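Colleague: Could you take me through one part of this model slowly, as you would for someone in a first year of study? I would like to follow the reasoning at each step.

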Amino acid sequence: MKRKIVLILTGAAAAMTLSACGSNTSETEATVSETTVSTEAEETEEALEAITPSDYLVEDAEDYITADSLEGLEATQYTYTITDDMVQELIEEELDLYREETEVDRAAESGDIIYLVLTATIDGSDDSSEEQTFFSLGDAEYGEDFDEALIGASAEDELAFDITFAEDASDTTFIDEEWNGQTVHFEAVIESVCEVADPEYTDEYISENTEYSTLEEYEEALREALEAEYEEISYSDVLDTLFDAALEVCDISEIPDDLYDSCYEETIAGYTVFLDTTDEEVILEEFDLTEEDLKNEVQELAQRRLLISYICETNSIEITEDNYVSYVEEYADYYGYDSAVDFEADMERSYLVWSMYEAKAGEILYNAADITTEAYDEEEYAEEDLVEEEEYLDE
């Protein structure tokens, strides 16, 4: 449900990308140095508060859920082949991290990055949105017509133009869904135009910017990383299938009130990552949800948590405080946090504890399941997704 880590890292990357192009490196290094000294002087080691992980499980879960057997559940686990194209795409993503932007005193061209203040107003509406943003011209983030309107602009130019978007434009661009099928009036104040230069992809570049010495070593490491990532995706997906299958063979008499309440709070907290509000009415409106949609989401989470408690209870699964602390410290370090306390605060303690118990319960289901492996065919499943979407739209 939550992907806070992704949001945190994306936010940091965005902040770096939005820095003015052609910044003074020596000033930046001085600032970093001063900050580091200040931080080291003031930093004090914080410890995680005491915790009893088992307190989060539903006590006497067998009173609320019964199942004849959770063994032999059937599921298909997809396997993935890492292609040269996938490795090349990752190489290009990594190169983008080292690209250099140089502010130029000329009109913007395709391939440039243009920084601007953009105001958008839907035709016939009194409401408008204004943001300081940037676009990589040629990427067609708002469509090709939008990029064409910006190409040729220079710093300090003020532009005004209209774009009529297709009914399904948000499916292939990054526009707001409410712009679909609408004519939107844009006013743009150009702040700067930056030329982009990617680093030369050579052994020298690899040795200077990575822990590897050659292109061959680097690409092999990327391939291994992709293999590990897709193995994790494969396992995670089959666990979701197994939890769903397990719930189908279980009889749930009721959901304890305290479990439902905690799941409601966590579900709402997940939306606050995007909206910074716990107001249910605002959340429902912004995400185009009904009260029934939200209730079903909470109910599904509560049923899954009850099942996890049942599996852990019947299999005598125990997670100690030391296990929890090690888990939090490991992931805090992995995601680059200064402390486990900060990581726990961002992710929320209950979410982390339940993640640990879910991993344990999932392992039990997996080891007892009847798993069929099948090679993933991207084209085949893309067609299935399209059919399912069309059927959904026809309902």
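**A close look at T173 and the salt bridges**

Modeller: Leaving aside residues up to four places away in sequence, T173 touches A140, E141, Y142 and G143. Please keep in mind that this is a predicted model. T173 is found in the loop between β6, residues 158-164, and β7, residues 183-197. With a relative accessible area of 16%, T173 is buried, because buried means under 20%. The side chain of T173 also has polar partners in the backbone: one of its polar atoms lies 2.8 Å from the backbone oxygen of A169, and the side chain reaches the backbone nitrogen of I175 at 3.5 Å.

From this loop we can turn to the charged side chains, since the structure holds eight salt bridges. One of them joins D84 and R223, with N to O at 2.6 Å. D84 lies in helix α3, residues 84-97, and R223 lies in helix α6, so this pair ties together parts that are 139 residues apart in sequence. The two partners can be described by their accessibility: D84 counts as exposed at 56%, while R223 is partly exposed, with a relative accessible area of 21%.

The helix that carries R223 deserves a check of its own. At 1.5 Å a residue, the 34 residues of α6, which runs over residues 215-248, should span 50 Å, and the end C-alpha atoms are indeed 50 Å apart, which agrees. Among the buried residues of α6 are Y218, A221, L222 and L226, and further along also V238, L239, L242 and F243. In general, an α-helix has 3.6 residues a turn, so residues three or four places apart point the same way.

A second salt bridge, between R304 and E358, has its closest N and O atoms 2.7 Å apart. This pair links distant parts of the chain, with R304 in helix α9 and E358 in helix α12, residues 349-368, the two being 54 residues apart. R304 counts as buried at 16% relative accessibility, whereas E358 is partly exposed at 25%. Salt bridges that share partners also join R106, E109, D112 and E195 into one network. Within that network, D112 forms a salt bridge with R106, the closest N and O atoms being 2.7 Å apart; D112 is buried, with a relative accessible area of 3%, and R106 is partly exposed at 23%.

Key. Residues numbered from 1 in each chain as written. Predicted model: local features only at pLDDT ≥ 70, side-chain atom pairs only at ≥ 80, totals over all residues. Heavy atoms only, no water. Helix = DSSP H or I, 4+ residues; strand = E, 2+ residues; numbered from the N terminus. Expected span 1.5 Å × (residues − 1). Buried < 20%, exposed > 50% of the residue type's maximum accessible area, 1.4 Å probe, protein only. Polar contact = N/O pair within 3.5 Å; in protein donor to acceptor, adjacent residues only side chain to side chain. Contact = heavy atoms within 4.5 Å. Salt bridge = Lys/Arg side-chain N within 4 Å of Asp/Glu carboxyl O.
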